[in-house]
Amino acid sequence: MKWKAALSLIISISAFAYSQQMDEETAIKKLLEKESATWRTKDVKGHADCWHIQPYSRILVSLPDGQTIDVPPTVMKNQKPETMGNGGFAVNSNYKMSIAKNNAWVSHDELSTDVEGKRTWSYEIRLLEKVNEQWKLVGQSLHIYKREN
């Protein structure tokens with residue numbers, strides 16, 4: 001009889017842990033979608049709210065021509081609307097996550113479509129930390145590539 005109680009406890013703990021992991025993954029995906037949407041709608045405050053800049057924060061962008069842009073992280077908190085996106089939308093897919101307490105490492109693919117229908121593909125790596133029980137971006141790396149069709 002004790003083994004049934006122990007098995008039941010193990011199953012309950014496993015289900016709870018899985019549920020918590022799924023909640024964290026959902027919260028992270030919502031943050032990344034918010035960050036993407038606020039960029040495109042020029043929502044300066046909303047976009048800044050997605051970020052928690054640290055002394056070790058870094059934002060790197062690699063372009064299809066091999067050029068690399070090292071974006072100063074403070075830009076994410078002090079954005080000017082004219083330097084932000086111009087509408088359109090993005091679809092993220094192929095999420096892969098490693099979540100450890102208050103830190104997360106996430107990779108995903110992104111397909112961005114601007115208001116004129118031009119599409120841009122990228123692989124993205126995002127670094128997050130939990131601040132006051134909310135996930136925030138502390139760094140990212142975007143690798144834009146040309147898709148052969």
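The legends below describe close-up views of salt bridges and of the surroundings of Glu129 in a predicted model.

**View 1. Salt bridge between Arg126 and Glu35.** A search of the whole structure finds seven salt bridges, and one of them joins the side chains of Arg126 and Glu35, with an N to O distance of 3.2 Å. Because Arg126 belongs to strand β5 (residues 119-131) and Glu35 to helix α1 (residues 2-40), the pair ties together parts of the structure that are 91 residues apart in sequence. Arg126 counts as buried, with a relative accessibility of 1%, and Glu35 also counts as buried, at 7%.

**View 2. Salt bridge between Asp49 and Lys136.** The closest N and O atoms of Asp49 and Lys136 are 3.1 Å apart. This pair links distant parts of the chain, since Asp49 sits in the loop between α2 (44-48) and β1 (59-62), whereas Lys136 sits in strand β6 (residues 134-145), 87 residues apart. The two partners fall into separate accessibility classes under the 20% limit for burial: Asp49 is partly exposed, with a relative accessible area of 36%, while Lys136 counts as buried at 14%.

**View 3. Salt bridge between Arg58 and Asp70.** In this pair the closest N and O atoms lie 2.8 Å apart. Arg58 is in the loop between α2 and β1 and Asp70 is in strand β2 (residues 68-71), so that the salt bridge links distant parts of the chain, 12 residues apart. Arg58 is partly exposed, having a relative accessible area of 46%, and Asp70 is likewise partly exposed, at 45%.

**View 4. A network of Lys34, Asp49 and Lys136.** Salt bridges that share partners join these three residues, Lys34, Asp49 and Lys136, into one network. The bridge between Asp49 and Lys136, with its closest N and O atoms 3.1 Å apart, also appears in View 2.

**View 5. Surroundings of Glu129 in strand β5.** With a relative accessibility of 15%, Glu129 counts as buried. The side chain of Glu129 makes a polar contact with the side chain of Tyr56, at a distance of 2.6 Å. When neighbours within four places in sequence are left aside, the residues in contact with Glu129 include His52, Gln54, Asn102, Asn103 and Trp135, as well as Lys136. The C-alpha atoms of Glu129 and Trp51 are 9.4 Å apart in space, although the two residues are separated by 78 residues in sequence.

Technical notes:
Residues are numbered from 1 along each chain as its sequence is written. This is a predicted model: local features need pLDDT of at least 70, side-chain atom pairs count only at pLDDT 80 or more; totals for chains, interfaces and linings use all residues. Side-chain values use heavy atoms; hydrogens and water are left out. A salt bridge is a side-chain nitrogen of Lys or Arg within 4 Å of a carboxyl oxygen of Asp or Glu. Helices (H or I, at least four residues) and strands (E, at least two) are DSSP runs, numbered from the N terminus. Buried means under 20% relative accessible area, exposed over 50%, partly exposed in between (1.4 Å probe, protein chains only). Contact means heavy atoms within 4.5 Å. A polar contact is a pair of N or O atoms within 3.5 Å; within protein, one must be able to donate a hydrogen and the other to accept it, and residues adjacent in sequence count only if both atoms are side-chain atoms.
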